[in-house]
Amino acid sequence: MNDMHLAHPGPRNRVFHELLDQLPDPMILIDTEGRIVDVNWACCHELGYTRHELVALRVYDVDLAINAELFAAAVDHLRETPTLVWEGLHRCKNGSTMPVEVKLRYMRLQQDYVIGIARNISERRRLERSLREETHRRQILVDQSRDGIVVMEEDGKVYEVNRAFADMLGYTQDELMKMSVRDWEHNFPQATVDDMFRTLDERGRQFETRHTRKDGSVIDVEL
């Protein structure tokens with residue numbers, strides 16, 4: 001991996017480059033035309049290029065989420081606002097790709113540069129995808145349940161409700177999404193309901209009560 005370290009042009013820049021090489025996140029120095037001027041070791045390591053290979057490229061050769069026009073627009077934006085964050089897609093030398101979160105900052109030195117710090121968000125994307133899939137599976141189970149199921153926030157407002165619960169009370173699911181438990185709880189006063197929510201724990205509670213339906217009729221339920 002030694003060939004991936006920055007080539008230090010002189011003693012004057014040696015400390016600067018050594019500091020950059022200690023940073024865990026890939027860093028790219030880009031001129032306002034999109035040419036890669038310099039990179040740190042983490043960038044070379046993650047993308048699989050040497051420094052000399054990367055400085056022969058433009059930033060949109062590496063980030064598939066942008067092109068020359070988008071980068072020019074980003075530079076114009078950075079001239080007014082010092083930082084910009086976007087989600088990119090970096091292409092490695094071996095042809096594989098990785099989603100990244102890129103933070104750009106405008107730098108005015110002897111000439112203007114853009115410095116980009118990239119963070120691999122593959123794991124975050126995987127977790128988000130897993131969460132979406134789990135949510136979808138849970139939603140199917142909830143929707144197919146013959147029992148009425150309602151998910152409420154701590155203040156009793158409806159967060160999620162299945163069709164069985166909506167049919168039980170005679171409302172649509174959309175109507176119930178704008179309601180709270182106090183709109184249908186018939187047996188207990190609001191203070192008691194609030195206290196139930198405050199004292200509820202993972203063990204849960206099971207009891208009988210009565211719910212008021214949309215048409216005004218009252219039904220007995222086991223909750």
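This is a short walk through one sheet, one hairpin and the enclosed spaces of this structure. Keep in mind that the model is predicted.

Let's start with the sheet. What is the order of its five strands? The order is β2-β1-β5-β4-β3. The sheet is open, and the pairing is antiparallel. Now look at the edges. β2, residues 36-39, stands at one of them, and β3 stands at the other. Each has a single partner strand, so one side of each is left without a neighbour in the sheet. There is a twist as well. Neighbouring strands are turned by 30° against each other on average, with direction ignored.

Go to the β4 and β5 pair. Nine bridges join these two strands, and they run antiparallel. One residue pair to pick out is L104 and G116: G116, in β5, is the bridge partner of L104. Keep G116 in mind, as we come back to that residue.

Next, the helix on this sheet. Helix α6 covers residues 122-144. It lies across β3, β4 and β5. Against β4, helix α6 runs at about 130°.

One residue on the edge strand deserves a stop. V85 sits in strand β3. Is V85 buried, exposed or partly exposed? Its relative accessible area is 48%, and that makes V85 partly exposed. Which residues does V85 touch, leaving aside those up to four places away in sequence? They are E101, V102 and K103. Then take I117. V85 and I117 are 32 residues apart in sequence, and their C-alpha atoms are 9.6 Å apart in space.

Now the cavities. How many are there of 30 Å³ or more? The count is two. The largest holds about 80 Å³ of space. Its lining is made of 13 residues. Nearest the centre lie I28, V59, H90, V102 and G116. So much for G116: the bridge partner of L104 is also in this lining. V102 is there too, and V102 is one of the residues that V85 touches.

Which elements give two or more residues to that lining? They are β1 (27-31), β3 (83-91), β4 (97-108) and β5 (112-120). β5 gives the most, with three residues. By class, the lining has 10 nonpolar, two polar and one charged residues.

On to the second largest cavity. Its volume is about 40 Å³. The lining is V150, M152, F165, V181, W184, H211 and L223. Six of these residues are nonpolar, one is polar and none is charged.

H211 takes us to the hairpin. Strand β8 covers residues 208-212, and strand β9 covers residues 218-222. Five bridges join them, and they run antiparallel. E208 stands opposite E222 in β9. Between β8 and β9 there are five residues. In that turn, G216 has a positive phi of about 95°.

Last, a pocket. The second largest pocket has a volume of about 370 Å³. It is lined by 14 residues, and M152, F197, L200, F207 and L223 are the closest to its centre. M152 and L223 should sound familiar: both also line the second largest cavity. Which helix gives the most to the pocket lining? Helix α9, residues 190-199, does, with three residues. By class, the pocket lining has nine nonpolar, one polar and four charged residues.

That is the tour. Questions are welcome.

Methods. Residues numbered from 1 in each chain as written. Predicted model: local features only at pLDDT ≥ 70, side-chain atom pairs only at ≥ 80, totals over all residues. Heavy atoms only, no water. 1 Å grid on protein atoms, 1.4 Å probe; cavity = no way out; pocket = protein on both sides within 12 Å on 5 of 7 lines; lining within 4 Å. Points joined across faces, edges and corners; volume = space filled by probe spheres on them. Helix = DSSP H or I, 4+ residues; strand = E, 2+ residues; numbered from the N terminus. Nonpolar A, V, L, I, M, F, W, Y, C, P; charged D, E, K, R; others polar. Pairing = 2+ DSSP bridges. Axes fitted to C-alpha atoms, helices over the stretch in contact; angles between N-to-C directions. Contact = heavy atoms within 4.5 Å. Buried < 20%, exposed > 50% of the residue type's maximum accessible area, 1.4 Å probe, protein only.
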